[in-house]
2 protein chains.
Amino acid sequence: MFQQIKTMFSKSCEYAIKAMIFVAQKSKEEQRVGIKEIAKGTDAPEHFMAKIMQDLSRRKLIHSAKGPNGGFYMDASDLKNSIADIVKAIDGDTIYKDCVLGLKVCSEKNPCPVHFEFKEIKKNLIKMIENNTLAAFNEKLDSGKFFLRNK
Amino acid sequence: MFQQIKTMFSKSCEYAIKAMIFVAQKSKEEQRVGIKEIAKGTDAPEHFMAKIMQDLSRRKLIHSAKGPNGGFYMDASDLKNSIADIVKAIDGDTIYKDCVLGLKVCSEKNPCPVHFEFKEIKKNLIKMIENNTLAAFNEKLDSGKFFLRNK
DNA sequence: ATAATAAAAGAGTTTTTTATCTTTTATTAT
DNA sequence: ATAATAAAAGATAAAAAACTCTTTTATTAT
């Protein structure tokens, strides 16, 4: 009945993160990366990914250039963006605010039964996505100890 | 564009958790709780909630009785169920398995750049949802220090 | 100038999730 | 037996998310 698959981030957001890491890796070599290459490199549907890239570009998380030799690229300041910045751009900041049980009223003064326990978990999750910048990803991937594999 | 709201669990799952806590509270007094009361008490759409209750019932997380004085209720063994059991029944166990970045290949041997950091967070999340049984919820709510409020 | 390239924008479709409505089945009380 | 009650089941509708296709705009190289 409910055969859904529920992950931490939306599909769009997962694609966005993967694309950003992918372009970040290429950007070291002053390369511009086309949407086809991004889609292929991240195992994402091309046209859907194009929409996501437009969104990221509109929100100034990445640069783009039209025409021949065009594509997406990052400058030094773009590489300072973290997963948190990408998540906020695509999925919004509900991960920062919402109660796990979806209660409208859940706060320090009116805590749901798991409020304080979840607060800790959320704190660590936020710390993780904020600390992991694209530059940090580049280093990790370059070390050869971490991978971005789909097959 | 992507104005979506992304929470940890699906809407169905949130409703399920709230309903289970709601019935658990009432079950102490040997009461049976009707679907209308559950929907009202949890701020959920009645017919949608009915479907979810059917599902929980089919999966043996709760008992039900048809006819007059019928409704949903829990026995002592039902009260031993945790949020984790509810989540597994409704959203499945992807929260236990999946990579945050949605990578098909992400393991101890082929870790994504956030694999180990996320593993810790996931461990704590799982610990929390497994430790929080319905019986534990009852105690917390009875203490008067925790609430399940929507307005 | 013009043709080629590649992103941006617009306009869909499909699938999944959420929600509603109706009919059936089981149980109880009269 | 029968009427009333309440969950189970079935069928459908609406909304959101995921995905696709086509046209437009900007840029570059000839």
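Start by selecting Lys140(B) and Glu117(A): these two residues form a salt bridge from one chain to the other, and their closest N and O atoms lie 2.8 Å apart. Keep in mind as you click around that this is a predicted model.

**The interface around that pair**

Now widen the selection to the boundary between the chains. By the rule used here, there are 2 salt bridges across the interface of chain A and chain B, and the Lys140(B)–Glu117(A) pair is one such bridge between the chains. For polar contacts, the count between chain A and chain B comes to 11 residue pairs, with both partners at pLDDT 80 or more.

Next, colour the side of chain A that touches chain B by element. Six helices of chain A each supply at least two residues to it: α1 (11-27), α3 (46-58), α4 (83-90), α5 (94-97), α6 (115-131) and α7 (134-142). Which helix gives the largest share? That's α6(A), with 7 residues. Switch the colouring to residue class and you get 29 nonpolar, 10 polar and 13 charged residues on this side of chain A.

How much is in play overall? Select everything in contact and you'll have 52 residues of chain A against 51 residues of chain B. Interface size is often quoted as the accessible area lost when the parts come together. Here chain A and chain B bury about 5200 Å² between them, and 63% of that is on carbon and sulfur atoms.

**Chain A by itself**

Hide chain B for a moment. Chain A has 7 helices and 2 strands, and reading from the N terminus the elements go α-α-α-β-β-α-α-α-α. Along the principal axes, the C-alpha atoms of chain A fill a box of roughly 55 × 35 × 30 Å.

Zoom to α3 of chain A and pick Arg58(A) and Asp55(A). They form a salt bridge, with the closest N and O atoms 3.0 Å apart. Because they sit 3 residues apart in helix α3 of chain A, about one helical turn separates them. If you'd like to hunt for others, a search of the whole structure turns up 16 salt bridges over all chains.

**Two helix crossings in chain B**

Bring chain B back and select residues 46-58 and 83-91, which are α3 and α4 of chain B; their axes come within 10 Å and cross at roughly 110 degrees. That crossing is therefore roughly perpendicular. Show side chains for Ile52(B), Asp55(B) and Leu56(B) on α3(B), and for Ile86(B), Ala89(B) and Ile90(B) on α4(B), since these residues make the contact. By class the contact has 5 nonpolar residues, no polar ones and 1 charged.

Last stop: residues 11-27 and 134-142 of chain B, helices α1 and α7. Their axes come within 9 Å and cross at roughly 70 degrees, so α1(B) and α7(B) are also roughly perpendicular to each other. From α1(B), display Met20(B), Ile21(B), Ala24(B) and Gln25(B); from α7(B), display Leu134(B), Phe137(B), Asn138(B), Leu141(B) and Asp142(B). The residues of this contact divide into 6 nonpolar, 2 polar and 1 charged.

Definitions and conventions:
Residues numbered from 1 in each chain as written. Chains lettered and ligands numbered in written order. Heavy atoms only, no water. Contact = heavy atoms within 4.5 Å. Buried area = accessible area lost by both parts, 1.4 Å probe. Salt bridge = Lys/Arg side-chain N within 4 Å of Asp/Glu carboxyl O. Polar contact = N/O pair within 3.5 Å; in protein donor to acceptor, adjacent residues only side chain to side chain. Helix = DSSP H or I, 4+ residues; strand = E, 2+ residues; numbered from the N terminus. Nonpolar A, V, L, I, M, F, W, Y, C, P; charged D, E, K, R; others polar. Axes fitted to C-alpha atoms, helices over the stretch in contact; angles between N-to-C directions. Parallel < 35°, antiparallel > 145°, perpendicular 65-115°, else oblique.
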